[in-house]
Amino acid sequence: RFSLNQGEAPVAHCHNDTIRSNQPLAPTLDYGQTQSVNTITCASEPSGITCTDASTGHFITLSAAANTLG
């Protein structure tokens, strides 16, 4: 599991195989769509999804090829 909280560096967590969201129905982004909450924006592309915090520049990219935290 990966997390990106506003104003903080991204974190990789070791957990079991359960995926949880703090939203009852977390949105699904189709390719080409973006979703923003405060300073964090996620963009979905065929190559993967990237979430970036504009206040820090930190990001997470998740794809079939690799997962990158920056």
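Me: A strand is a DSSP run of at least two residues, labelled E and numbered from the N terminus. In which strand does Ser-44 lie?

Reply: This is a predicted model, and its strands are read from that model. Ser-44 belongs to strand E4, which covers residues 40–45. Ser-3, by contrast, is placed in strand E1 (residues 2–3), and Phe-59 in strand E6 (residues 59–62).

Me: How should a sheet be read, and what is the order of the strands in the open sheet?

Reply: Two strands are taken as paired when DSSP finds at least two bridges between them. Here, five strands form an open sheet in the order E3-E4-E5-E6-E7, and the pairing is antiparallel. Strand E3 (34–37) and strand E7 (67–69) stand at the edges; each has a single partner strand, so one side of each lacks a neighbour in the sheet. From one strand to the next, the twist averages 10 degrees.

Me: How many bridges join strand E5 to E6, and which residue is the bridge partner of Ile-49?

Reply: Strand E5 (residues 48–53) runs antiparallel to E6, and four bridges join them. Ile-49 has Leu-62 of E6 as its bridge partner, while Cys-51 stands opposite Ile-60 in E6. The hairpin of E5 and E6 has five residues between the strands, and in this hairpin Gly-57 takes a positive phi near 85 degrees.

Me: How many bridges join E6 to E7?

Reply: Three bridges join E6 to E7, and these strands also run antiparallel. Leu-62 faces Asn-67 of E7. The hairpin from E6 to E7 passes through four residues.

Me: Is Ser-44 buried or exposed?

Reply: The cut-off for buried is under 20% relative accessible area, and exposed means over 50%. Ser-44 has a relative accessibility of 5%, and therefore counts as buried. A polar atom of the Ser-44 side chain lies 3.4 Å from the backbone oxygen of Leu-29. Beyond its neighbours within four places in sequence, Ser-44 is in contact with Leu-29, Asp-30, Tyr-31, Gly-32, Gln-33 and Ile-49.

Me: How do Ser-3 and Phe-59 read by that criterion?

Reply: Ser-3 has a relative accessible area of 17% and is buried. Its contacts, not counting residues up to four places away in sequence, are Pro-10, Val-11, His-13 and Ile-60. Phe-59 has a relative accessible area of 27%, so it is partly exposed.

Me: Which residues is Phe-59 in contact with, leaving aside its neighbours within four places in sequence?

Reply: They are Leu-4, Pro-10, Thr-50, Cys-51, Thr-52, Thr-68, Leu-69 and Gly-70. A separation along the chain may also be set beside a distance in space: Phe-59 and Glu-8 are 51 residues apart along the chain, and their C-alpha atoms are separated by 9.9 Å.

Me: Which residues make up the largest nonpolar core?

Reply: In soluble globular proteins, nonpolar side chains tend to be buried together. In this model, the largest nonpolar core has six residues, namely Leu-4, Leu-29, Ile-40, Cys-42, Cys-51 and Ile-60. Cys-42 is one of them; not counting residues up to four places away in sequence, Cys-42 touches Leu-29, Gln-33, Thr-34, Gln-35, Ile-49, Thr-50 and Cys-51. Cys-51, which also belongs to this core, is the residue that stands opposite Ile-60 of E6.

Terms used
Residues are numbered from 1 along each chain as its sequence is written. This is a predicted model: local features need pLDDT of at least 70, side-chain atom pairs count only at pLDDT 80 or more; totals for chains, interfaces and linings use all residues. Side-chain values use heavy atoms; hydrogens and water are left out. Buried means under 20% relative accessible area, exposed over 50%, partly exposed in between (1.4 Å probe, protein chains only). Contact means heavy atoms within 4.5 Å. A polar contact is a pair of N or O atoms within 3.5 Å; within protein, one must be able to donate a hydrogen and the other to accept it, and residues adjacent in sequence count only if both atoms are side-chain atoms. Axes are lines fitted to C-alpha atoms, for helices over the stretch in contact, and angles run from 0 to 180 degrees between N-to-C directions. A nonpolar core is a set of buried Ala, Val, Leu, Ile, Met, Phe, Trp, Tyr and Cys residues joined through side-chain atoms within 4.5 Å.
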